Amino acid sequence: MPTDLPSSDPSLKMVGIRLFRENVVLVVFLALTLLAAFRYEGFLGHHNVTEFLRYNARFGFIALGMTFVIITGGIDLSVGSVVALASVLAALCSPYGLLPTLVIPVLAGSLVGAINGSVVALAGVPSFIATLVSMMAARGVALILANDQSIPVDLQSTVITIGEANIFGWIPAPVILLILVYVCGWFVLNQAPIGRQVVAVGDDEAAARLMGVSVHGIKFWVYVASGGLAGWAGVLLAASTFSGLPTEGVGWELQVIAAVVIGGTLLTGGSGSVGGTLVGVLLLGLIFKILDFENGVGGYDLKAHWQSVIRGAFLLVVIVFQSRRAVKDR
Amino acid sequence: MPAGKSFFVLRGARHRARRHHLINALQQYGTLIALAVLVIFNLTFTPGFRSTLALYTNLIQVAPIVIVATGMTLVIATGGIDLSVGSLMAIAGALAPIVFQASVWPLNQQAVGTALAFVLPVLVAGLFGWCNGLLITTRRLQPIIATLVLFIAGRGIAQVLTDGGHIEINRPDFQYIALGRPWGVPLQVMLMLIVVLLSVGMVKFTTVGRYIVAIGGSRSAAWLAGVPVTTVTWFVYIISGCLAGMAGLIEIAIISSADPNRLGLNMELHAIAAVAVGGTPLTGGQARVLGTLLGAVFIQLISYTLLTHGVPYAAAQVVNAVLILAAVLLQQVKS
């Protein structure tokens, strides 16, 4: 008998607590944003916000693909190298028109993803080592194509305009696309049958196969998607840095994985959230931004290396917190 | 079994048995065969290979990787993974010069400083390994994400220790670990062999070794069988940390500087690749330490061969990747 419930409307308080616990990451994000807005002059300024969103859009694209891969119980370590490869290809294609610049890098990324998918789904190689291998190979190919240097993007190319454009005067074009892609991703995961199949594969592969789900097919296509999205991120990178750098993208895969995990997707697979990933990407980006501001405007002079420690500590707090929740729910 | 089909079943069985034997042999000895082929190729076509210089160059370059990869083998054998080894190398490498430069506390004897500079960094690295173990056993975190924390933060910690820059090292008694040649053999190569031998001995002849393999085979079955799963899992991460620390000391001794930005960079990938090529399944259940040794030497020799024959670094990366994949695919083939 509920004798220990608060005397005021009990269900509202419990609903509130439950909402908080389920959306902690979003709450933390909003709280940090508010704190930063108070602490730093002009933190929420128009230019600041648009450039923040424009910069983090590239991680957002990669993270969406990674979410699906992780939900199937796998991992894709090759995305960083694919970004480098795609940016080099975009730079190389930029004198030849907009279409090749947009399409070829994404196709190349999808091709790497297809190789990943084949090796993981058909040959049964653990995704960690399979994507580790393609990470090395893609980096090598990027270096070969770029001849070990950075390739300048044709400054006349429309792709730069697209990267820099602001729709309605203030929303960066890549961000509009990101929102569209995320809405599609959310829809696919939560409303479309294929989304259910992805979750089923991650949760219990044998059971999914017995249910008639094409496990090989699902696993194959999530890696293709991951590679393609990473390819697109490479195009955005080339558009904003005006060059294709074969040495870029190092460490991006781990940053993206951290964002996906922070967003609530379990690394063991079978459970995940597209919206959570988006918040995770924004949260990680926010932390960097805050560290930047703290360095420049705030009281402390935080050297670059402290940032790694803070990022690691933050990841630690998040995963420990998630593990406690997981243990409770069991 | 219906009599009419029995002839074909038997015939198929014999074919399958033969293929089974071939694939089994390849899986067991594939790395060794590939290595032998590579050595013969180099002896024939690479000028200067038939010299102690070439031998020592390769062994010296591969020694830190083997040491780290041995620890990685044990971790992977339990079904886990340790992504933090590179960062732990950086921490150990950054700590050592601080210790023997006595910048933290006054040490009146040089020998004490040097001795501590060997011991403390390894212990600290082991302590971080203990932290990994803590997260993985008590919090039941996945090893990949638990060790990811130190992968990210560890290098930062090392950079904090050296305040972002690198420290020049000019201390012959410390650097003996990498530059010394007792009986003509580079000391780090001897250390590497000792580490490998001890690990092989542990896996084959001790109870702990059996426990490690059992945990990787089936954690729940091991638990039910009374294996101290928590303790042993913790143990392998501590070992992995200590070995990473040792490798870090060797690295800084040989390049005479402790640069936390570059020390141990990508070491976890090299180690995991060596383990994979050496035949230890990434899902655990086997600990093929000798295989890891061969795998690391094989990868090293590939790079050496390509380099001495003028292949650019980028292409060598691609070749390396393809070979590692081939090795792993071979492990996957089920007869």
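Helices here are DSSP runs of H or I at least four residues long, numbered from the N terminus. With that in hand, take B:A111 as a starting point: this residue sits in helix α4 of chain B. Keep in mind as you look around that the model is predicted.

Is B:A111 buried or exposed? A residue counts as exposed if 12 or fewer other C-beta atoms lie within 10 Å of its own. B:A111 has 9 such neighbours inside 10 Å, so it counts as exposed. From here you can step across to B:F174, which lies 63 residues away along the chain, while the C-alpha atoms of the two are separated by 9.2 Å.

B:F174 brings us to helix α6 of chain B, which covers residues 172–179. Which of its residues are buried? They are B:F174, B:Q175, B:I177 and B:A178. If you look down the axis of α6(B), these buried residues fall within an arc of 125 degrees, so they line one face of the helix. The elements that cover them include α3 (85–100), α4 (110–137), α7 (187–205) and α10 (229–255) of chain B. Helix α4, then, is both the home of B:A111 and part of the cover over the buried residues of α6(B).

Now let us step back to chain B as a whole. Its secondary structure comes to 13 helices and two strands. The radius of gyration is 22 Å, close to the 20 Å that the globule rule gives for 335 residues, so chain B is as compact as a globular protein of that length. Along the principal axes, its C-alpha trace spans about 90 × 55 × 35 Å. Of the 335 residues, 47% count as buried. Among contacts in chain B between residues at least 6 apart in sequence, 78% join residues at least 24 apart.

Turn next to its partner, chain A, where there are 14 helices and four strands. Here the radius of gyration is 21 Å, close to the 20 Å given by the globule rule for 330 residues, so chain A is as compact as a globular protein of that length. Its C-alpha atoms fill a box of roughly 75 × 60 × 40 Å along the principal axes, and 48% of the 330 residues count as buried.

How confident is the predictor about chain A? The average pLDDT of chain A is 86, and 92% of the residues score at least 70. Among the elements of this chain, helix α1 (residues 10–22) has the lowest mean pLDDT, 73, and helix α11 (residues 215–241) has the highest, 94.

One helix of chain A is worth a pause: α2, residues 24–39. Its 16 residues reach 22 Å from the first C-alpha to the last, close to the 22 Å expected at 1.5 Å a residue. A:V25, A:L26 and A:F29 are the buried residues of α2(A). Seen down the helix axis, they fall within an arc of 100 degrees, so they line one face of the helix. On the face turned away from that buried side you will find the exposed residues A:A31, A:L34, A:L35 and A:F38.

Finally, see where the chains meet. The contact takes 35 residues from chain A and 35 residues from chain B. On the chain B side, α5 (143–161), α11 (267–277) and α13 (313–332) each supply at least two residues. Which helix gives the most to this side? That is α5(B), with 13 residues. By type, the chain B side divides into 24 nonpolar, eight polar and three charged residues.

Definitions and conventions. Residues numbered from 1 in each chain as written. Chains lettered and ligands numbered in written order. Predicted model: local features only at pLDDT ≥ 70, side-chain atom pairs only at ≥ 80, totals over all residues. Contact = placed C-beta atoms within 7 Å. Nonpolar A, V, L, I, M, F, W, Y, C, P; charged D, E, K, R; others polar. Buried ≥ 20, exposed ≤ 12 C-beta atoms within 10 Å, placed from the backbone. Arc of directions from axis to C-beta. Rg over C-alpha atoms; globule rule 2.2 N^0.38 Å. Expected span 1.5 Å × (residues − 1). pLDDT = per-residue confidence, 0-100.
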